[in-house]
Amino acid sequence: MVFVLGAWTSGVNAPTQVRDTRSTLKALYVYTFATLIDWPDDYKKGNFVIGVYGSNDGVLNELKGKYNGKAIGSQEIEVVKYSSKTEMKKPNILYISEDKNSQLTSLTDSFKSKSTLMVTEKDGSLQKGADINFVLDGSKQTYEVNVKNTKKHKLVVASKLTSLAYKVIE
Amino acid sequence: MKLVKYISLIVLCVFAMNANAQNYVMDAFTHYQAQEYDNARVQIDSALTTDAALQSQTWQLRGLIYKASDEKNPEYLNISLESLIKAKELAPEEEAKVNGYINSTLNAYFNISVHYMDSLMLEKSEAAYVIYKEKYTEHLDPTRDFAGNDVEFYLALGDAYMRKVKSYSGDKKIELSKQAAEAYYTVLDLDQSNYDANIGAGIAYYNLGADIVSNMSLTETPLEEIQAGIELSIEYFNLALPHLKKAHEQNPDDKQIIEGLAGTYLGLQDDENFNIFNNKLKDMEGGNE
């Protein structure tokens, strides 16, 4: 009598790839910020514009891929890449990537009378006029908020956003 | 040849029974030979109501009939096994021969596990494998060491979960990745330096960390849950790291491991190490020339 034993199919691991979780998180945070901040009425008309300035294409692509067309209140999100300052009209959010941080002071000066939320990703940016800056708490991606700057921009920030921030400058 | 010898034995034994018993056993045997297993089962079960039930050969035949009826049906295999155990009790002098039949039935349990794995019914596959081992040690060889089989089985199980993961998204994907990691850990408990299990566990945990981040971005996730999710993803990336590093030590040229390491360091916000492995990837792809 012959007994036939089956055999396992082995040695096949799922192919992986380098997944840009860092950009995914930053884009998610930016979208969530948009849901937790109230803009003045003149910024609640037309599309809800999120502009990305600089070479952080990871964040740009995540924002475009996952949030373009979604709604903030009655507005539809429109994600825009800016190549120069002249292209920026009055975005609701301006994401300034690290490579453009040297222009932060002049940008905050240009936007000082506007209600654009300035989001950055470099240490020390809150002191240069940014509203929210991405920072690390060990390995954890988090953010800090400058409430004084948000008030200057006439933005009303939900208490949840400040209470969960790594640091808040009043 | 063994089967022919066995047939003669059955026929001889049948002459020692009364007429009714003879008829049932002979009919069962005839149907068995003709592969008419439904009829064979009816006849052999009827034989058990006669004095044929006192003969080991009747139980042996019943064991063979039930196994042959449907080798993928655990109920039939249980009846086959019980019958063969009874046969051994009635004729201890035939232990070696009956053990051969028992082994055959046990192998069918094993094959059920393989069948379920091929069909990606993985919890059933593991359950069938555990039953196979339990029954083997209970009925055939209590001293058998299954460590080598366990390594093979759980590696294959982990890989099967990783294949299954590809068809799912969201929470189900995370659950399946966890099950893959558990399977690889079973292997690592037996053999810490197992290369395939280290790759598997490393990639399963890396995918878990990355999937948690991806899933949060696909739904309306409250801020506090985002932060909790980030912490959980970091835990998984930290679990992935030692396994990927171990596998990388063993095979520094495996692109899959380098990708896993680059992604893990990126998730852990470790730019220095991310750049090291990302540059290795670029070199491999000819992008750093």
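Here is a short conversation about how two chains of a predicted model meet, and about the spaces in and around them.

Author: Ground rules: this is a predicted model, where local features need pLDDT of at least 70, side-chain atom pairs count only at pLDDT 80 or more, and totals for chains, interfaces and linings use all residues. Residues are numbered from 1 along each chain as its sequence is written, chains are lettered from A and ligands numbered from 1 in the order written, and side-chain values use heavy atoms, with hydrogens and water left out.

Reader: What makes K70(A) and E220(B) a salt bridge?

Author: The rule asks for a side-chain nitrogen of Lys or Arg within 4 Å of a carboxyl oxygen of Asp or Glu. K70(A) and E220(B) have N to O at 3.3 Å, so the pair passes.

Reader: And why does the pair D211(B) and R19(A) join two chains?

Author: D211(B) sits in helix α10 (residues 195-218) of chain B, while R19(A) is in the segment before α1 of chain A, so the link runs between chains. Their closest N and O atoms are 2.6 Å apart. Between chain A and chain B the count is 5 salt bridges; over all chains it is 21.

Reader: How many residues does each chain bring to the contact?

Author: Contact means heavy atoms within 4.5 Å, and it takes 40 residues from chain A and 61 from chain B.

Reader: How do you know what area chain A and chain B bury between them?

Author: Buried area is the accessible area (1.4 Å probe) that two parts lose on being put together, summed over both. Here that comes to about 4400 Å², 59% of it on carbon and sulfur atoms.

Reader: Why is the largest cavity called a cavity, and the largest pocket a pocket?

Author: On a 1 Å grid over the protein atoms alone, a cavity is a set of points where a 1.4 Å probe fits but cannot get out, whereas a pocket is an open set with protein on both sides within 12 Å along at least five of seven lines; lining residues have an atom within 4 Å of a point. Points are joined across faces, edges and corners, and a volume is the space filled by probe spheres set on them. The structure has 1 cavity of 30 Å³ or more, and the largest cavity has a volume of about 50 Å³. The largest pocket holds about 590 Å³.

Reader: Which residues line them?

Author: Among those lining the largest cavity are T21(A), R22(A), F237(B) and Q269(B). For the largest pocket, 24 residues form the lining, and the closest to its centre are R22(A), K26(A), E98(A), E121(A) and D271(B).

Reader: What makes up the pocket lining by class?

Author: Ala, Val, Leu, Ile, Met, Phe, Trp, Tyr, Cys and Pro count as nonpolar, Asp, Glu, Lys and Arg as charged, and the others, Gly among them, as polar. By that sorting, the largest pocket's lining has 6 nonpolar, 8 polar and 10 charged residues. The largest cavity's lining has 5 nonpolar, 6 polar and 1 charged.

Conventions: Helices (H or I, at least four residues) and strands (E, at least two) are DSSP runs, numbered from the N terminus.
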